[in-house]
Amino acid sequence: MQRRHCRDEGTEVNRECKRASTELGDMVLVVFEHAIRHRQAGVAEHLLCALEELARTRMECRATLDRAYLLIGRSGLSR
């Protein structure tokens, strides 16, 4: 069985990739939020970079990145 990549045109594969990307983004966001709550700015920065890369390459992850930016604003870490 040959594995297809997310960039393939097959709609079933595309849906599965979108779901996987969204789930990954959500998991990273949970850890990001934890890092912010515990004032781990360096860890949060790396996780934010991961979210930015997901959002850059997968449109469905952009809302997750927006939520991360909101968390930064509410946390006061940006000051």
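**Exercise 1. Which residue just after α3 takes a positive phi?**

Solution. This is a predicted model.
- Find the end of α3, the helix of residues 62-75.
- Step just past α3 to Gly76, whose phi is positive, about 85°.
- Now look at the end of α1. Arg39 follows α1, and its phi is positive too, near 55°.
- Arg39 is not a glycine, although its phi is positive.
- Arg39 sits in the loop between α1 and α2.
- The relative accessible area of Arg39 is 52%; exposed means over 50%, so Arg39 is exposed.

**Exercise 2. Describe the overall build of the chain.**

Solution.
- Count the elements: three helices and zero strands.
- Read them along the sequence, and the pattern is α-α-α.
- Turn to burial. Of the 79 residues in the chain, 32% are buried.
- Turn to contacts between residues at least 6 apart in sequence. Of these, 49% join residues at least 24 apart.

**Exercise 3. Check the lengths of α1 and α3 against the rise of a helix.**

Solution.
- Start with α3. It has 14 residues, and at 1.5 Å a residue it should span 20 Å.
- The rule multiplies 1.5 Å by one less than the number of residues.
- The end C-alpha atoms of α3 are 20 Å apart, which agrees with the expected span.
- Repeat for α1. It has 27 residues, and 39 Å is expected at 1.5 Å a residue.
- From its first C-alpha to its last, α1 reaches 39 Å, close to that expected value.

**Exercise 4. Find the buried face of α3 and say what it packs against.**

Solution.
- List the buried residues of α3: Thr64, Leu65, Ala68, Leu71, Ile72 and Ser75.
- Look down the helix axis. These buried residues fall within an arc of 110°, so they line one face of α3.
- Ask what covers them. The buried residues of α3 pack against α1 (11-37) and α2 (41-57).
- Do the same for α1. Its buried residues are Val13, Cys17, Ser21, Gly25, Val28, Leu29, Phe32, Ala35 and Ile36.
- The buried residues of α1 pack against α2 and α3.

**Exercise 5. Work out how α1 and α3 are arranged, and which residues meet.**

Solution.
- Take the geometry. The helices α1 and α3 pack at an angle of about 5°, with axes 10 Å apart.
- Apply the cut-off. Angles under 35 degrees count as roughly parallel, so α1 and α3 are roughly parallel to each other.
- List the α1 side of the meeting: Gly25, Asp26, Leu29, Phe32, Glu33 and Ile36.
- List the α3 side: Thr64, Arg67, Ala68, Leu71, Ile72 and Ser75.

**Exercise 6. Trace the largest nonpolar core and place Ala68 in it.**

Solution.
- Size the core. The largest nonpolar core has 14 residues.
- Pick out the residues with the most contacts inside it: Leu29, Phe32, Ile36, Leu48, Leu51 and Ala68.
- Sort the core by helix. At least two of its residues come from each of α1, α2 and α3.
- Now take Ala68. Leaving aside neighbours within four places in sequence, Ala68 is in contact with Leu29, Phe32, Leu48 and Leu51.

**Exercise 7. Compare the surroundings of Thr64, Ala63 and Glu52. Is each buried, partly exposed or exposed?**

Solution.
- Begin with Thr64, which lies in α3.
- Its relative accessibility is 3%, so Thr64 counts as buried.
- Not counting residues up to four places away in sequence, Thr64 touches Gly25, Asp26, Leu29 and Leu51.
- Move to Ala63, also in α3.
- At 44% relative accessibility, Ala63 counts as partly exposed.
- Ala63 and Gly25 are 38 residues apart along the chain, and their C-alpha atoms are separated by 9.4 Å.
- Finish with Glu52, in α2.
- Glu52 has a relative accessible area of 31%, so it is partly exposed.
- Glu52 touches Leu65 and Tyr69, not counting residues up to four places away in sequence.
- Glu52 and Leu65 are 13 residues apart in sequence, and their C-alpha atoms are 6.4 Å apart in space.

Technical notes
Residues numbered from 1 in each chain as written. Predicted model: local features only at pLDDT ≥ 70, side-chain atom pairs only at ≥ 80, totals over all residues. Heavy atoms only, no water. Helix = DSSP H or I, 4+ residues; strand = E, 2+ residues; numbered from the N terminus. Buried < 20%, exposed > 50% of the residue type's maximum accessible area, 1.4 Å probe, protein only. Arc of directions from axis to C-beta. Contact = heavy atoms within 4.5 Å. Core = buried A, V, L, I, M, F, W, Y, C linked by side-chain atoms within 4.5 Å. Axes fitted to C-alpha atoms, helices over the stretch in contact; angles between N-to-C directions. Parallel < 35°, antiparallel > 145°, perpendicular 65-115°, else oblique.
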